[in-house]
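Q: Please take a close look at a single part of this structure, the strand pairing and what packs against it. I am new to this structure, so go step by step.

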Amino acid sequence: MFTAKKRFSGLLLMLAIILILAACNSGTGSGTTESTAAGSEATTGSTETNTESSNATRIYKSLSGDVEIPAEPKRIVTDMYVSDLLTLGIKPVGAVQYYLENPFYADQVEGIENIGDRGAVSLEKVVALDPDLIITYSDQAEEIESYQKIAPTVVIPYGTFTNVEDEIRGFGELMNKSEEAEAWLKTYNERIEAARAKVKAVFKPEETFSILEVSDKSYYGYGDNFGRGGQAVYRALQLAPLEITKKELMGDTQWKEISREVVGDYAGDHIFLTVGENNKNYQGDSVWQSLPAVKNNQVYELEEDRYWYFDPIAIQGQAEEFADMIVERAQQNRK
């Protein structure tokens with residue numbers, strides 16, 4: 001009997017131990033499950049926060065009205081404003097081919113998709129890039145409406161900004177990167193000041209500069225906000241224009257055709273002359289040969305594909321190149 005009771009007690013003890021172990025294992029398993037659930041909950045919470053963050057928007061007051069845009073856009077498509085974004089450390093996902101070919105930032109565009117060319121943007125390519133923001137200079141209502149159906153669209157018409165400082169600060173405000181804008185401008189101003197100092201050392205303050213382009217039958221004159229180096233010459237380097245240039249080409253009108261007979265009226269002491277492949281080493285006619293700038297070897301030929309660009313990075317590069325051209329020519333002419 002005693003033995004039976006002893007065995008029974010032993011069995012009870014073993015059963016108790018088994019139950020305790022089972023309970024412990026069950027508790028451990030439960031603990032792991034709770035931990036995993038908590039982790040899963042935390043991950044979901046993080047995702048929700050990120051989702052909220054990625055979906056956060058703000059109102060940008062554009063010239064065409066208020067636009068609701070992502071607070072932190074990640075996939076930007078633009079046509080011409082590649083340079084402005086690059087200065088702020090932003091690489092768009094798509095842009096127009098012409099602006100991707102800009103030689104002044106060619107080393108920075110790898111990975112940016114071509115969305116077509118000027119006047120021939122492929123909406124299919126834009127859609128495929130899944131942008132969360134589109135920035136365009138287009139003035140075509142139909143094109144703008146098409147963009148707006150794809151993503152929030154900010155329209156910045158050509159000529160909105162008349163100098164590099166306003167342009168970079170404007171994009172700094174748009175992209176919520178004002179600090180980056182000021183940092184880039186600080187370097188820009190230092191480089192431009194150095195370029196100005198170079199040219200001031202080799203010519204007289206009263207000497208004038210013109211920007212012309214040669215075509216088969218005539219010339220074209222340009223002002224300070226229409227490419228061909230105008231921003232670099234007149235705004236960055238602060239070189240003096242002719243009075244007729246200030247009067248006719250530095251307002252709402254920025255270019256005009258000039259007949260060969262009266263080109264002398266628009267020719268300063270120095271001429272930056274844009275040429276195409278057919279006009280390199282331009283000799284012109286007797287009127288052209290009679291110009292003081294030609295006689296004094298103060299005509300600087302510019303390749304059209306390089307100097308048509310007028311964005312902040314190009315203006316910086318052009319100003320430095322023009323300064324070097326002027327100094328080198330001045331040294332040649334002294335020999």
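A: Start with one pair of strands: β11, residues 219–222, runs antiparallel to β12 and is joined to it by four bridges. Strands count here as DSSP runs of E with at least two residues, and helices as runs of H or I with at least four, numbered from the N terminus; two strands pair if DSSP finds at least two bridges between them. The model is predicted: local features need pLDDT of at least 70, side-chain atom pairs count only at pLDDT 80 or more, and totals for chains, interfaces and linings use all residues. Residues are numbered from 1 along each chain as its sequence is written, and side-chain values use heavy atoms, without hydrogens and water.

Within this pair, Y222 has W255 of β12 as its bridge partner. In general, strands of a sheet pair through backbone hydrogen bonds, either parallel or antiparallel.

Now the whole sheet. It is open and has five strands, in the order β12-β11-β10-β13-β14, and its pairing is mixed. At the edges lie β12 (255–258) and β14 (299–303), each of which pairs on one side only. From one strand to the next the twist averages 30°.

A helix also belongs to the picture. α13, residues 312–334, packs on the sheet and touches three strands, β10 (209–214), β13 (270–275) and β14 (contact means heavy atoms within 4.5 Å). The direction of α13 makes about 145° with that of the edge strand β14; axes are lines fitted to C-alpha atoms, for helices over the stretch in contact, and angles run from 0 to 180 degrees between N-to-C directions.
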